[in-house]
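Me: I should like a close look at one part of this model, namely its open sheet and what surrounds it. Please set that part in the context of the whole before turning to the details.

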Amino acid sequence: MALPDGFLDELISRTDIADVVSDYVQLKQKGGASYWGLCPFHSEKTPSFHVETDRQIYHCFGCGKGGGAINFIMDIENLGFMDAVAFLAKRAGMEVPDSSASDEAKSRRATMLELNRDAARFYYAMLSDERGKTAVEYINKRGISAAMVKKFGLGAAPNEWSALTDAMKKKGYSEVQLVDAGLAKRGKSGGVYDTFRNRLMFPVIDVRGSVLGFSGRILDDGEPKYLNSPDTAVFSKSRNLFALNLAKKSKLGMLILAEGNIDVVSLHQAGFDCAVASLGTSLTEEQARLMSRYTDKVVIAYDNDGAGQKAAQRAIGIFENTGISCRILRMDGAKDPDEYIKAKGAEAFSLLLERSENHVEYRLFAARSKQDMDSPDGKMGYLREATAILSTLTNEMERDVYIAKVASETGALPDSIRSEIKRLINARRAAGKKKEDRRAMRVDLTSQPEARELKYENPVSAAGEEGVIRLLMKDPAVADKVPLEEKDFTSPFLAKLFSIIMERIGGGEAVTEAAIAPLLTSAEASHFSKILARPVSAAQADKALVDYIEKIRSAKKTEITDDDALIRFSEKQKKTKSYGG
């Protein structure tokens, strides 16, 4: 849908990017218009995510993501351009102009959310229907109260092929919409049938109250035990958490990460209203970053079996990279939180939470439990794993405490353990430096956009093309002196940028990154931000412009693409840094 002239500029003027980003990232102000935080798009311990309120843009120096407020919402909320515009317009109290009065003007995403909500109501209503009897019996068997059923919006998928499909069709939804939402599947004959059958249904609801998808627990001996909605336009299993919409309101100051939905319900029922589940045993970096918006403390309460312990070990590393402090529960005598609470009560579980181990203790315990500590080989095996674990600790005092612990467990000298840890740290640093050196030698990696679809076929010409764009952004008056057309650009992306900038200059519109970034894809906006981050001097604009144009023309003549030529070009660039190469 085309937007009226000036609408985006007004939306951007009413939107402060720091306010938008701070809903997702804890920002710290460093200077009047400069804010820093941990990037929500990749795992990091040291903030490299920069927000500039004077330019109304963001840029991550770690992963390269960047752009304006609309690009940020597109990436963080996994929305298309128009949906992100609508999201911010609603936030700013603006109404997005509608170019059509027909029902088709409704976005596919909005329709899918309505369908999911109607499906959730259908499943909930089935608990009062004879067809939901098996689910009700299971709920009673697991000791789930009526209050929890209502709080979580639990429901029943009847053991029928088309119960939901038939009901939703009567509401006006099409088979295509049901399949797109993951609520139905298409059979070999061309018809559709319900995805979820004979299952206890758990709606997956986001923090704004929208039903994104479902997780269904089988009510007989069939497989799989849990079935989740497939990825759709509104749902991604790796980017969402079950019950976060409820847990975010908790006053307990932490989140408890459980493995199953029943565990979460049981924990909430026992008073631990900060519990969430990762929709499967494998925590993702996206889920960890989502949790970091609401807490910096997580307790992992996975099942007390081999798969659960393995998943906990993996989750520890993810939380470490996200900057979240995590502890781990060891539930002796029970396989999961639900069983522990039923056997020993909520008070005992509360004490268990207080005694939860930090990740170092847990990992050392796991390493020790695999070995025969009465044998020399077993002690050596434990020492190898223990030193590897301790070599990842950055706090020297904390490391010394655990060195003493491992020494007492194995009889090894503390200095010997310390020496091995130092060797491992140095080896890791050397390997990291070697990798960075190799990367620095690859000129094409540092000059090329990160997104493969934006790759420059002629990097030398593209460098000149980038320079022209930087100058135009810095001083739009230069436009009158630019003897180039869109066809002169070797990069389609840079040609697109050039066209947008020249059109805005010609129309007297704002030429800022915040105004242009919404017109680009996420990958384009990120690289655009990177281009503008490079130095440029408007004082030498005329000389720089001549040099840039010469680079474009000479590169076209020679078509320089081999590595040796790129290296020579890179060396030349270092000598002309004062006006951006």
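How many helices and strands does the secondary structure of the protein come to? And in what order do the strands of the open sheet stand?

Reply: The model is a predicted one. Its secondary structure comes to 26 helices and 16 strands. The protein has 581 residues, of which 50% count as buried, and its C-alpha atoms fill a box of roughly 80 × 75 × 50 Å along the principal axes. Of the contacts between residues at least 6 apart in sequence, 64% join residues at least 24 apart.

The open sheet consists of four strands in the order S6-S9-S10-S11, and their pairing is antiparallel. S6 and S11 occupy the edges; each has a single partner strand, so one side of each is left without a neighbour in the sheet. From one strand to the next, the twist averages 35°. At the S6 edge, the antiparallel pairing of S6 with S9 runs over three bridges. Ala156 is placed opposite Leu200 of S9.

Two helices belong to the surroundings of these strands. Helix H5 (residues 108-125) lies across S6, S9 and S10 (211-218), and runs at about 35° to S10. Helix H11 (residues 261-269) packs on the sheet and touches S9, S10 and S11. The direction of H11 makes about 75° with that of S9.

Aromatic side chains add further links in this part. A search of the whole structure finds 18 aromatic pairs. One of them joins Trp161 and Tyr193 in an edge-to-face arrangement, with 5.6 Å from centre to centre and 80° between the planes. Trp161 belongs to the loop between strand S6 (155-157) and helix H8 (163-170), whereas Tyr193 is in strand S8 (residues 192-194); the two are 32 residues apart, and the pair thus links distant parts of the chain. Trp161 has 56% relative accessibility and therefore counts as exposed. For Tyr193 the relative accessible area is 27%, which makes this residue partly exposed.

A second pair lies within the strands of the sheet itself. The ring centres of Phe202 and Tyr226 are 6.4 Å apart and the planes stand at 50°, so this pair is tilted. Phe202 is in strand S9 (residues 199-205) and Tyr226 in strand S11 (residues 226-228), 24 residues apart, and here too the pair links distant parts of the chain. The two partners can also be described by their accessibility: Phe202 is buried, with a relative accessible area of 0%, while Tyr226, with 25%, is partly exposed.

For context, some ring arrangements from the rest of the protein may be added. Ring pairs link Tyr24, Phe41, Phe49, Tyr58 and Phe72 into a cluster. Phe41 also has the charged end of Lys65 over its ring, 5.6 Å from the ring centre. In the case of Arg330, the charged end sits over the ring of Phe365, 3.6 Å from its centre.

To return to the sheet, S6 and S11 form its edges, and Phe202 of S9 is linked with Tyr226 of S11 through a ring pair. H5 lies across S6, S9 and S10, and H11 touches S9, S10 and S11.

How values were computed
Residues are numbered from 1 along each chain as its sequence is written. This is a predicted model: local features need pLDDT of at least 70, side-chain atom pairs count only at pLDDT 80 or more; totals for chains, interfaces and linings use all residues. Side-chain values use heavy atoms; hydrogens and water are left out. Rings of Phe, Tyr and Trp (its six-membered ring) pair if their centres lie within 6.5 Å; planes under 30 degrees apart count as stacked, over 60 as edge-to-face and the rest as tilted. Buried means under 20% relative accessible area, exposed over 50%, partly exposed in between (1.4 Å probe, protein chains only). A charge sits over a ring if NZ of Lys or CZ of Arg is within 6 Å of the ring centre and within 35 degrees of the ring normal. Two strands pair if DSSP finds at least two bridges between them. Axes are lines fitted to C-alpha atoms, for helices over the stretch in contact, and angles run from 0 to 180 degrees between N-to-C directions. Contact means heavy atoms within 4.5 Å.
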